[in-house]
Structures are given as structure tokens and as C-alpha cells.
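Biologist: Got a minute to go through this one with me? I'd like the overall layout before the details.

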Amino acid sequence: MTQIKNTAALAYLQTRPLTPFASLVLQFVVLCVAWSERRRTRIALRKLDEHQLQDVGLTRRAADEEAKRPFWME
């Protein structure tokens, strides 16, 4: 059901472009969502044990270095 709503919303946006202000707000929201996702994944990375890190192909050192990075850095 969500997919149908998203598709309808995208079709609507293709026929009616956003105002410059709305476009700026949307870009800001997308940036905040990306930052939030990075923050959550880096917190989760810290919590992985050695076996889980081996499963994803990371060493503890590499995982710690990635987890220490600020959320605003890719």
C-alpha cells in the first residue's frame, strides 16, 4: 500500500514541479534522513561482535574507525 502512495506522489510531482522553497525544504529533509541513517548504522556497527564483523568482512579496527566518524561525513 505504501508503494502505491509513493508512486502516486511521484507521479503528481512530475506533473507539478516544486516551488524553490519547497525544493529547498525537501533537500533539507532528505539530508536529515541520510544523517539519521548514518548515525543509526554507525551505532549498530559499534555493537557488532567479532563473529558478526567477520560475516560482513570488517575488522574490529575498521569498524571502530567507521563508527567514530561524524554522521555528517560519508
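Modeller: Sure, let's take the overall fold, then the surface, then the salt bridges.

Biologist: How many helices and strands are there in the protein?

Modeller: Keep in mind that this is a predicted model. There are four helices and zero strands, so going from the N terminus the order is simply α-α-α-α.

Biologist: And is the protein a compact globule or more spread out?

Modeller: More spread out: the radius of gyration is 18 Å, well over the 11 Å that the globule rule gives for 74 residues. Along the principal axes, the C-alpha atoms fill a box of roughly 50 × 30 × 15 Å.

Biologist: What percentage of the residues count as buried?

Modeller: Of the 74 residues, 8%. The protein exposes about 6400 Å², with carbon and sulfur atoms supplying 64% of that.

Biologist: OK, surface next. Which residues form the nonpolar patch?

Modeller: Leu10, Tyr12, Leu13, Leu18, Leu26 and Val30, with about 550 Å² of accessible area together. Helix H1 (2–15) and H2 are the elements that give two or more residues to the patch, and H1 has the largest share, with three.

Biologist: Take Leu13, then. Where is it found?

Modeller: Leu13 is in helix H1. Leu13 counts as partly exposed, because its relative accessibility is 35%.

Biologist: Switching to H2: how far apart are Ala44 and Leu24?

Modeller: They're 20 residues apart in sequence and 30 Å apart in space, C-alpha to C-alpha. Ala44 belongs to helix H2, which covers residues 20–47, and Ala44 is partly exposed at 39% relative accessible area.

Biologist: Now the charges. How many salt bridges does the structure hold?

Modeller: Seven. One of them pairs Arg60 with Glu50, with the closest N and O atoms 3.1 Å apart. Arg60 lies in helix H4 (residues 60–68) and Glu50 in helix H3 (residues 50–56), so this pair ties together parts that are ten residues apart in sequence.

Biologist: Which other residue does Arg60 form a salt bridge with?

Modeller: Asp64, where the closest N and O atoms are 3.6 Å apart. Arg60 and Asp64 are separated by about one helical turn, because they sit four residues apart in helix H4. Arg60 is partly exposed at 24%, and Asp64 is partly exposed at 30%.

Biologist: What about Glu65?

Modeller: Glu65 forms a salt bridge with Arg61, closest N and O atoms 3.3 Å apart. Both are in helix H4, again four residues apart. Glu65 is partly exposed at 46%, while Arg61 is exposed at 64%.

Biologist: And which residues are linked in a network of salt bridges?

Modeller: Arg42, Glu66 and Arg69.

Methods
Residues are numbered from 1 along each chain as its sequence is written. This is a predicted model: local features need pLDDT of at least 70, side-chain atom pairs count only at pLDDT 80 or more; totals for chains, interfaces and linings use all residues. Side-chain values use heavy atoms; hydrogens and water are left out. Buried means under 20% relative accessible area, exposed over 50%, partly exposed in between (1.4 Å probe, protein chains only). The radius of gyration is taken over C-alpha atoms; the globule rule is 2.2 Å times the number of residues to the power 0.38. Accessible areas come from the Shrake-Rupley method with a 1.4 Å probe; for residues, only the protein chains shown count as cover. Patches are made of residues with over 30% relative accessible area and no salt bridge: like charges are joined within 9 Å, nonpolar side chains (Val, Leu, Ile, Met, Phe, Trp, Tyr) within 5 Å. A salt bridge is a side-chain nitrogen of Lys or Arg within 4 Å of a carboxyl oxygen of Asp or Glu.
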